[in-house]
Amino acid sequence: MSDLVYPPEVVYNVIPKEEVHSQKPQRYMSKYRPTVLLEEKAAKDAMRTMGPAKVEVPSADKYLKKHSKEPKLHEKTQGSKEVRHTPALKKPPVPARTDKPPMGIHTKRDFIKTAAAAPMKPRPACVDSRGGHKQLLENSGLVPKYIKKKHYGEVPQYLRRLHKEEMRAQEKRDDFVKEQREKRAMKHLSEEERAATLKGLKKSWDELHHEYQGLSFVVDTQSKKSHRLRLEAAMKQLEDDIELFERFKTIYIPQK
């Protein structure tokens, strides 16, 4: 029995169907195509990679000989040799043995006094390598030139200017604080009062911390929770006050 499965027979399948041929749309062709082809052909180099189509074959008589491609020097001639050895400027001839040197030439310069007045001394140098490399001692950095300057050790001008500006700013700040203190009748805490206040703040913080350590670990009621939060807020305020007193040495407080 065949395993092929045929579709069910239908009357409509017996009627012959007319074949419909679909026409494809014409392919797009750019109007600039001929121009592009001409430009490409004009820019293309003939025989760029493959060489010329036909090359003349060398004859059997003109085979490659030894040293034929080495550069050849010009042949030596008598004229070239004379031109090479002829100097551009002729030197004076060597004086003969019978010639006498010129006599009677005097000068007013005293060479002895000149040498004694300004003797030529060698410039000091130093050797900075075992190979014998030498350099001048003045430019080597071993000579203390900076400390011998005229203004060495003096405060620079820009530091003086900054110091004056800081002093003026401090004076303005002191005047402003004094004016505000007179307006608000603020009291300046002395060092003893500041230390006593700081000591009292630390003592209060210790007492609150001791009380905080004595709270129960389990917070199961609203009263315990509110008491814990109240102690934490008071300790935080005391910590801020202690930090303020320890940071600033000058403190003003308003009088009642």
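In which helix is the place of R194? The exercises below concern a predicted model, and the first of them begins with this question.

**Exercise 1. Locate R194, decide whether R194 is buried or exposed, and describe its surroundings.**

Step 1. R194 has its place in helix α5.

Step 2. The relative accessibility of R194 is 6%. Buried means under 20%, so R194 counts as buried.

Step 3. Setting aside neighbours within four places in sequence, R194 is in contact with F245, E246, F248, K249 and I251.

Step 4. For F248 a distance can be given: a polar atom of the R194 side chain lies 3.2 Å from the backbone oxygen of F248.

**Exercise 2. Compare the span of helix α6 with the expected span, and state which residues of α6 are buried.**

Step 1. Helix α6 covers residues 222-247 and has 26 residues.

Step 2. From its first C-alpha to its last, α6 reaches 38 Å, close to the 38 Å expected at 1.5 Å a residue.

Step 3. The buried residues of α6 are L231, M235, L238, I242 and F245.

Step 4. A general rule helps in reading such a list: an α-helix has 3.6 residues a turn, so residues three or four places apart point the same way.

Step 5. Helix α5 (191-213) is included in what covers the buried residues of α6. F245, one of these buried residues, is also among the contacts of R194.

**Exercise 3. Describe the largest pocket and its lining.**

Step 1. The largest pocket holds about 300 Å³ of space.

Step 2. Its lining consists of 12 residues, of which R173, D174, V177, T250 and Y252 are the closest to its centre.

Step 3. Helix α4 (residues 157-184) gives the most to this lining, with eight residues.

Step 4. Sorted by class, the lining has four nonpolar, three polar and five charged residues.

**Exercise 4. For the two loop residues H67 and H133, determine the location and the degree of exposure.**

Step 1. H67 is found in the loop between α1 (33-43) and α2 (78-85). Although H67 is not a glycine, it has a positive phi of about 60 degrees.

Step 2. Partly exposed covers the range between under 20% and over 50%. H67 has 49% relative accessibility and therefore counts as partly exposed.

Step 3. H133 is found in the loop between β1 (125-127) and β2 (134-136). Its relative accessibility is 45%, so H133 counts as partly exposed.

Step 4. Not counting residues up to four places away in sequence, H133 touches C126, V127 and D128. The side chains of H133 and D128 are joined by a polar contact of 2.9 Å.

Key:
Residues numbered from 1 in each chain as written. Predicted model: local features only at pLDDT ≥ 70, side-chain atom pairs only at ≥ 80, totals over all residues. Heavy atoms only, no water. Helix = DSSP H or I, 4+ residues; strand = E, 2+ residues; numbered from the N terminus. Expected span 1.5 Å × (residues − 1). Buried < 20%, exposed > 50% of the residue type's maximum accessible area, 1.4 Å probe, protein only. Contact = heavy atoms within 4.5 Å. Polar contact = N/O pair within 3.5 Å; in protein donor to acceptor, adjacent residues only side chain to side chain. 1 Å grid on protein atoms, 1.4 Å probe; cavity = no way out; pocket = protein on both sides within 12 Å on 5 of 7 lines; lining within 4 Å. Points joined across faces, edges and corners; volume = space filled by probe spheres on them. Nonpolar A, V, L, I, M, F, W, Y, C, P; charged D, E, K, R; others polar.
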